[in-house]
Amino acid sequence: MPRIHIATDGVRNVSKRKHFSAFIPALLALLTGLIVTSAWFASSRHLEHEKIDASFKQNAAIHLQTFQNELDNAIMALRAINQLFVVNPSLSREQFLVFTRPLLERYPYILNFDFHRIVSHAERPAFEAEIRKRYPNFAIMEAGEQGRITAGSRPRYRVVDYIEPMQGNEAVFGFDADSQDGQTAAMQRSVDSGQPTATGLYRLLQEKSNQRGFLVLMPLYRPNANLHDVAARRRALIGDTAVAFRAGDLLRQILSKTQLLNAPDISISVYANATPDEKHLAFSKGNKVSKDISANEGVLPHWLFYNQPETVAMQLEVAGNPWQMTVSAAPEPFYRANNNALYALIMSTLLSILAAAYVYALSSRSRRIQLLVNLRTAELQLSNQKLNDDIEARKQTEHRLQILESAVQSSANAIFITSASAPDYAIEFVNPAFERMTGYTAADVIGRNLRFLFRDDQHQNGVKNIQEAVRSRREGHAVMRNYRKDGTLFWVETYFAPVKDEAGQVHHFVVSSHDITANKRYQAELEFQAGHDVLTGLANRNLLDDCLSQAIAHGTRHTHPVWVVSIDLDRFKFVNDTLGHKAGDMLLQAIGHRLQMAVQESDTVARLSADQFVLVLQEHGDDHLTLATMQHIMSAVAQPLSIQGHNFQQKCSIGIAIYPTDGDTPEILRKHADIAMYRAKESGRNNIQFFAASMNAQALERLRLEDDLRNALEHDEFLLHYQPQVDLCSGHIVGMEALIRWQHPSLGMIPPDRFIKLAEETGLIVPIGAWVMRTACAQNRAWQLAGLGYLRVAVNLSAIQFAQQDIVKSVASVLEQSGLAAQYLEIELTESLVMTDVEQAIGILRELKGLGVQLSIDDFGTGYSSLSYLKRFPIDVLKIDQSFVRDITVDPDDAAIVVSIISLAHSLRMHVIAEGVETAAQLAYLQRNHCDQMQGYYFSRPVPANEFELILRQNKSLPTEDA
Ligand code: C2E
Ligand code: CA
Ligand code: CA
């Protein structure tokens with residue numbers, strides 16, 4: 001707002017004495033009346049004058065305000081153009097034209113808008129060449145003595161690059177604005193302050209008449225440049241935008257909107273300076289009013305004779321420059337408008353008899369004047385009120401802006417504003433809520449792209465939504481995961497809106513984010529509750545069907561079976577009825593927990609009704625689902641349990657349906673599992689039933705074998721067969737491997753493949769293995785004592801046995817009890833057995849070695865032993881697996897592997913024995929490649945002890961190479 005200072009001049013003080021001569025004393029009586037009349041006349045005259053004076057000043061102020069407003073509008077337009085370049089530094093000539101055209105139409109008193117570009121000397125040729133594509137004769141120009149000439153070389157030029165309208169301003173296009181004095185000082189001030197700044201008056205280059213004009217300049221800095229001080233601003237300058245005016249035209253056009261210009265007695269002068277002097281006269285109209293009123297000299301004040309001979313001088317500001325406007329009205333003699341009154345006055349002195357009438361007439365007239373004055377005063381007050389209202393409206397706008405700002409500052413939502421310029425869309429503002437919500441301070445984030453809020457989580461749909469909205473410059477909305485400065489996640493709902501200028505160009509985006517983490521958590525909880533049983537936290541029927549469908553899909557993809565297991569607790573009702581519901585609930589929770597522990601993490605455990613649970617089990621890698629899996633689950637449920645001081649064991653009945661054989665939809669599979677479960681209940685509880693009858697047969701066999709296996713040792717149903725091991729050099733038997741057999745009372749002879757795994761799963765392998773060790777050692781010792789030679793007996797050791805704490809002790813005690821020297825016992829271990837816990841295995845093996853026994857690695861080549869590990873084990877013998885020996889004569893790979901195993905073993909000072917040798921060709925190959933020993937059907941099958949004794953007595957041997 002410009003400050004308007006109104007100073008009235010002392011014209012009214014100018015007065016001169018006037019001589020009056022006394023008239024006839026006879027008229028003295030009338031004089032009293034005349035004095036009264038004069039007093040009335042003077043007072044009403046004074047009031048009228050005050051009124052006219054106030055009205056004049058008010059009018060002048062309104063004109064000044066009009067001028068100031070129009071000028072402010074023009075400067076606002078300049079700011080808009082400048083902002084346009086800030087937002088879009090590569091604004092084209094056409095865009096400039098499009099943007100300025102409506103402005104030029106709206107403000108006809110603007111001579112032109114232009115854009116001055118700073119061009120360095122080095123850039124000049126390229127710059128000129130570029131513009132010549134369009135304006136063939138273009139060159140940077142400067143002012144010469146005879147007018148425009150091609151500019152000489154200077155370090156830099158401030159070239160008029162864009163100018164609108166071109167017509168009439170051709171002379172300026174390409175001109176180096178700094179080559180003329182008119183703008184230099186104003187430009188410097190403008191660059192330093194960053195504000196629009198007016199030049200003084202000077203004759204513009206394109207001017208053909210004598211008029212003078214001026215420019216308002218606004219600097220343009222390099223995008224994102226630091227502008228903290230004057231030196232930085234000077235460095236960052238890349239050009240400026242300007243608006244040019246013809247001073248005279250400007251004022252004429254603006255003031256023609258008011259009647260002032262048409263009033264013949266009013267004169268106006270405008271100076272581009274704080275004090276009125278001719279050098280800075282921008283505009284003048286009418287004759288300047290002389291302050292001397294020579295016709296009116298006397299003792300009476302001039303206002304009595306003249307209407308408003310006033311001068312008002314007002315200050316205003318034009319883009320940083322102080323200007324002055326002077327408005328004056330020529331004095332008008334009072335009698336010109338009121339000579340009747342004057343005659344009446346004279347008449348009254350002559351016609352005393354009419355004095356009363358005159359007084360009456362005068363007083364009635366003054367009443368009328370008084371009324372008029374009141375009327376005009378009211379009008380003035382009204383227009384004053386209007387002016388005040390305008391000011392109030394502006395204040396309110398400012399107030400609203402303040403409210404808006406404090407609302408943003410105190411908003412609970414994070415609000416931030418980003419630039420709309422690609423590719424950075426840099427953040428320019430964040431409110432305190434943003435800082436609180438994200439943990440980043442404003443300083444951390446200003447100038448950055450907001451993508452740091454997503455960290456590595458950039459591929460969210462929400463992020464894509466926002467990116468699309470930004471690219472198409474429209475509003476957007478998204479729900480996204482954001483990450484605080486400390487890395488913690490939070491959910492936000494974000495609204496995104498473009499901010500446009502008057503021309504509809506998007507220059508910023510405003511983003512508002514609302515933290516919805518708590519909602520999300522609540523939603524997740526609801527979702528969890530929707531899918532889970534409240535009491536146990538297990539899946540409910542809804543979730544079960546989902547999981548089952550997924551498991552089926554997964555099973556189809558990987559051709560794995562899926563087991564649907566229906567579990568019903570036996571006699572649960574009894575617990576509930578006798579101990580109460582509380583105890584019943586605790587029991588269900590405990591069982592639910594046990595079930596969950598008993599299955600794999602990716603399996604599903606669901607509770608459907610009070611005591612009915614359903615499992616969905618999948619196969620994982622080589623871990624096949626077997627009856628043993630079910631027994632494991634059953635025994636987990638049946639672990640002793642204590643609830644409210646009562647100990648009991650919860651048994652259950654299990655029914656199993658298998659995808660795909662028993663059905664391929666969740667409903668059918670569940671129904672079949674239930675049917676199987678009821679069958680299990682019918683056949684005496686604590687029982688497992690498969691839906692498919694064939695599976696039941698297998699399960700039955702296994703169950704039966706398991707039961708029988710427990711008794712086999714007691715019933716002495718195991719026996720050992722021995723298979724000779726022959727030295728390939730001498731051809732003589734040097735040892736034998738003890739292999740177990742089970743003589744089942746009804747199933748006949750059962751090979752180890754059918755029961756060793758079961759024995760391992762049930763833990764029965766420990767007593768069985770101990771029996772083998774005892775029997776083999778005792779047998780060997782017996783043969784030695786019988787004079788059948790000192791052979792070595794090899795015994796297979798299961799991983800379960802190896803893991804027993806007292807394995808070393810128990811081997812030692814077997815040796816001691818049998819009386820067999822340790823060197824005649826060989827223990828066969830598998831690779832996987834020693835590789836599970838290498839350090840522990842090395843310790844145990846060392847202890848066994850310490851006893852003096854021999855150690856061998858069975859099935860060598862099928863596991864994953866590496867040479868480096870092998871070196872660390874105290875191993876005496878490698879047993880090449882049958883699978884290599886089988887193909888030794890047909891598969892060159894296998895043949896090569898066997899050769900390399902032999903040379904590897906020899907280099908580690910181990911012996912090599914090949915097992916499963918069935919043909920002469922295999923034997924010959926092994927002999928050729930210096931294998932130490934062999935074992936296989938070619939020489940002998942495993943045979944009962946008495947048959948083995950016969951072989952020994954016959955002294956059976958292999959033909960050797962020498963033989
Ligand atoms: P293994 O330790 O690899 O035993 C060698 C197996 O190969 C024996 O099968 C044997 O009969 C068979 N065999 C021997 N020569 C030939 C041949 O020329 N051709 C063919 N095709 N096979 C031959 P068996 O006796 O059925 O034993 C099978 C597996 O049972 C053994 O494999 C061993 O892992 C395990 N086993 C046997 N007895 C015991 C024992 O007392 N304790 C433990 N833990 N496992 C045992
Ligand atoms: Ca073996
Ligand atoms: Ca073997």
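Biologist: What makes Ile 740 a polar contact of ligand 1?

Modeller: A polar backbone atom of Ile 740 lies 3.2 Å from a nitrogen atom of ligand 1. The cut-off for a polar contact is 3.5 Å, so this pair qualifies. The model is predicted, and the distance is computed from its atoms.

Biologist: Which side chains have an N or O atom that pairs with ligand 1?

Modeller: Gln 723 has a side-chain N or O atom 2.9 Å from a nitrogen atom of the ligand. Gln 882 has one 2.5 Å from an oxygen atom of ligand 1. Both pairs are polar contacts because the limit is 3.5 Å. Taken alone, ligand 1 exposes 790 Å², and the protein buries 83% of that.

Biologist: How many residues surround ligand 1, and of what kinds?

Modeller: There are 21, and those that come nearest are Gln 723, Arg 741, Gln 882, Glu 918 and Tyr 937. By kind, the shell has 8 nonpolar, 6 polar and 7 charged residues.

Biologist: Which strand gives the most to that shell?

Modeller: Strand S28 does, with 4 residues. S28 covers residues 733-744, and strand S32, residues 854-860, also supplies at least two residues.

Biologist: What makes a residue a donor of the calcium ion (ligand 2)?

Modeller: For calcium, a donor is an N, O or S atom within 3.2 Å of the ion. The protein donors here are Glu 737 (OE), Asn 796 (OD1), Glu 828 (OE) and Asp 858 (OD), at 2.1 to 2.5 Å. These distances are within the limit, so the four residues count as donors. Their spacing in sequence is E-x58-N-x31-E-x29-D. Two of them come from distant parts of the chain: Glu 737 in strand S28 and Asp 858 in strand S32 are 121 residues apart.

Biologist: What coordinates the calcium ion (ligand 3)?

Modeller: Asp 858 (OD), Asp 859 (OD) and Glu 915 (OE), the last listed twice, coordinate ligand 3 at 2.0 to 2.8 Å. The limit for calcium is 3.2 Å, so these atoms are donors as well. In sequence the donor residues are spaced D-D-x55-E.

Biologist: Why is Asp 858 called a bridge?

Modeller: Asp 858 coordinates both calcium ions, ligand 2 and ligand 3, which are 3.9 Å apart.

Biologist: Are Glu 737, Asp 858 and Asp 859 buried or exposed, or in between, and how do you know?

Modeller: Buried means under 20% relative accessible area, and exposed means over 50%. Glu 737 is at 3%, so it is buried. Asp 858 is at 9% and is therefore buried too. Asp 859 is at 27%, between the two cut-offs, so it is called partly exposed.

Biologist: How do you know whether the length of helix H24 fits what is expected?

Modeller: Helix H24 runs over residues 838-851 and has 14 residues. Its reach from the first C-alpha to the last is 20 Å, close to the 20 Å expected at 1.5 Å a residue.

Biologist: Which residues of H24 are buried?

Modeller: Val 838, Ala 841, Ile 842, Ile 844, Leu 845 and Leu 848 are. An α-helix has 3.6 residues a turn, so residues three or four places apart point the same way. After H24 comes Gly 852, with a positive phi near 105°.

Biologist: Why is Thr 494 called buried, and which side chain does it contact?

Modeller: Thr 494 has 3% relative accessibility, and the cut-off is 20%, so it counts as buried. It is found in strand S18, residues 489-500. A polar contact of 2.8 Å joins its side chain to that of Ser 513.

Biologist: Which peptide bonds before proline are cis, and where do these prolines lie?

Modeller: The bond between Glu 164 and Pro 165 is cis, with omega about -5°. Pro 165 lies in the loop between strand S5 and helix H4. Another cis bond joins Tyr 659 and Pro 660, where omega is about 5°. Pro 660 lies in the loop between strand S25 and helix H17.

Biologist: What makes Ala 319 and Asn 955 worth listing for their phi?

Modeller: Each has a positive phi in a residue other than glycine, near 40° for Ala 319 and near 60° for Asn 955. Ala 319 is in the loop between strands S12 and S13, and at 10% relative accessibility it is under the 20% cut-off and so buried. Asn 955 follows helix H29, and at 57% it is over the 50% cut-off and so exposed.

Technical notes:
Residues are numbered from 1 along each chain as its sequence is written. Chains are lettered from A and ligands numbered from 1 in the order in which they are written. This is a predicted model: local features need pLDDT of at least 70, side-chain atom pairs count only at pLDDT 80 or more; totals for chains, interfaces and linings use all residues. Side-chain values use heavy atoms; hydrogens and water are left out. A residue is near a molecule or strand if one of its heavy atoms lies within 4 Å of it. A polar contact is a pair of N or O atoms within 3.5 Å; within protein, one must be able to donate a hydrogen and the other to accept it, and residues adjacent in sequence count only if both atoms are side-chain atoms. Accessible areas come from the Shrake-Rupley method with a 1.4 Å probe; for residues, only the protein chains shown count as cover. Ala, Val, Leu, Ile, Met, Phe, Trp, Tyr, Cys and Pro count as nonpolar, Asp, Glu, Lys and Arg as charged, and the others, Gly among them, as polar. Buried means under 20% relative accessible area, exposed over 50%, partly exposed in between (1.4 Å probe, protein chains only). The expected span of a helix is 1.5 Å times one less than its number of residues.
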